[in-house]
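Hello,

Please find the structure below. My notes on what was found in it follow.

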Amino acid sequence: MNRAQRRRGSAMRPYAKPLTLSALDWPVIRETLANQCETSMGIEFAQRDVFAQTANEARQWLEEVQELWTLDDIGEHPPMGGIHDVANLVYRTTKGEVLEPFELVDIGISLSGMYALKAWIQKREENLVRLDELASPISIDIFLVRNLEDSFTPAGDLCTDYYPELKQIRDRMDQL
C-alpha cells in the first residue's frame, strides 16, 4: 500500500477505542478540523477517522502540518482557491462520456488551482520539504489549462474572443 492509499484510509487502519475518542471529545475536534478545510476532499477526509498506523507515520504527518504552521506564523498561506474534486468528471471521460462545457470549466479551474499550489510549494521548498515531496508527483499541462481558460466563459459558454468563427456564426444566426 503506497502513501496516498494510506492517507485515504483503508479497512486495515488502526482505530481508537470509543472511550478514548469520547475522552478526547473527538467529534468536536473532527468537526473543527473539517470547518478549517478549503476543499470538499479535505472536508471528507477530516470527517473520517483515519489514524496513523505507526508512530513514525504520525511524526511525518505532524512534520507536514508543522511546515504549514511555520509559514502561517509569518502570514503565508497556500493558495487553495478553485481546487475541488473532479475525479468523477475524469472517470466519466474514461467511460467515453462527453463533458458539458461548465464541467470543463470546473476542470480548468481545478487544474489552475493545483498548478498554483504546486508552484507556491516549490518556491518554498526549503521550508516545505515534506509538502514538496507530496506535491512532486503533481504534473499539470499548463497549455491545457490555458486552453480551457481561454475557450470558455466563466458561465461555461464557448468564448467568441477565442473562437472568432463562432462569433461570425452566431452573428449570422442572429441575422437570419
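**Cysteines and salt bridges**

C37 is partly exposed, with 25% of relative accessible area. C159, another cysteine, has a relative accessibility of 15% and counts as buried. Please keep in mind that this is a predicted model.

How many disulfides does a search of the whole structure find? The search finds zero. For background, a disulfide is a covalent bond between the sulfur atoms of two cysteines.

The rest of this message is about charged side chains. Side chains of opposite charge can pair when their charged atoms come close. The count of salt bridges comes to six. Three of them are described here, each with its N to O distance.

One salt bridge joins the side chains of R130 and E63, at 2.5 Å from N to O. Where do these two residues lie? R130 is in helix α8, which covers residues 129–135, and E63 is in helix α5, which covers residues 55–73. The pair therefore ties together parts that are 67 residues apart in sequence. R130 is partly exposed at 23% relative accessibility, and E63 is partly exposed as well, at 32%.

Another salt bridge is formed by E103 and R92, whose side chains meet at 2.7 Å, N to O. E103 belongs to helix α7 (residues 101–123) and R92 to helix α6 (residues 87–94), so this pair ties together parts that are eleven residues apart in sequence. Are the two residues buried or exposed? E103 is buried, with a relative accessibility of 9%. R92 is also buried, at 16%, because the cut-off for buried is under 20% relative accessible area. R92 and E103 are also part of a network of salt bridges, in which they are linked with E97.

A further salt bridge is found between R146 and E149, with 3.0 Å from N to O. Both residues sit in helix α9, which spans residues 142–151. They are three residues apart there, which means a separation of about one helical turn. R146 is partly exposed, with a relative accessible area of 37%, and E149 is partly exposed at 36%.

To recap, the search found zero disulfides and the salt bridges number six. Among the salt bridges, R130 with E63 ties helix α8 to helix α5, E103 with R92 ties helix α7 to helix α6, and R146 with E149 lies within helix α9.

Regards

Terms used
Residues numbered from 1 in each chain as written. Predicted model: local features only at pLDDT ≥ 70, side-chain atom pairs only at ≥ 80, totals over all residues. Heavy atoms only, no water. Disulfide = S-S within 2.5 Å. Buried < 20%, exposed > 50% of the residue type's maximum accessible area, 1.4 Å probe, protein only. Salt bridge = Lys/Arg side-chain N within 4 Å of Asp/Glu carboxyl O. Helix = DSSP H or I, 4+ residues; strand = E, 2+ residues; numbered from the N terminus.
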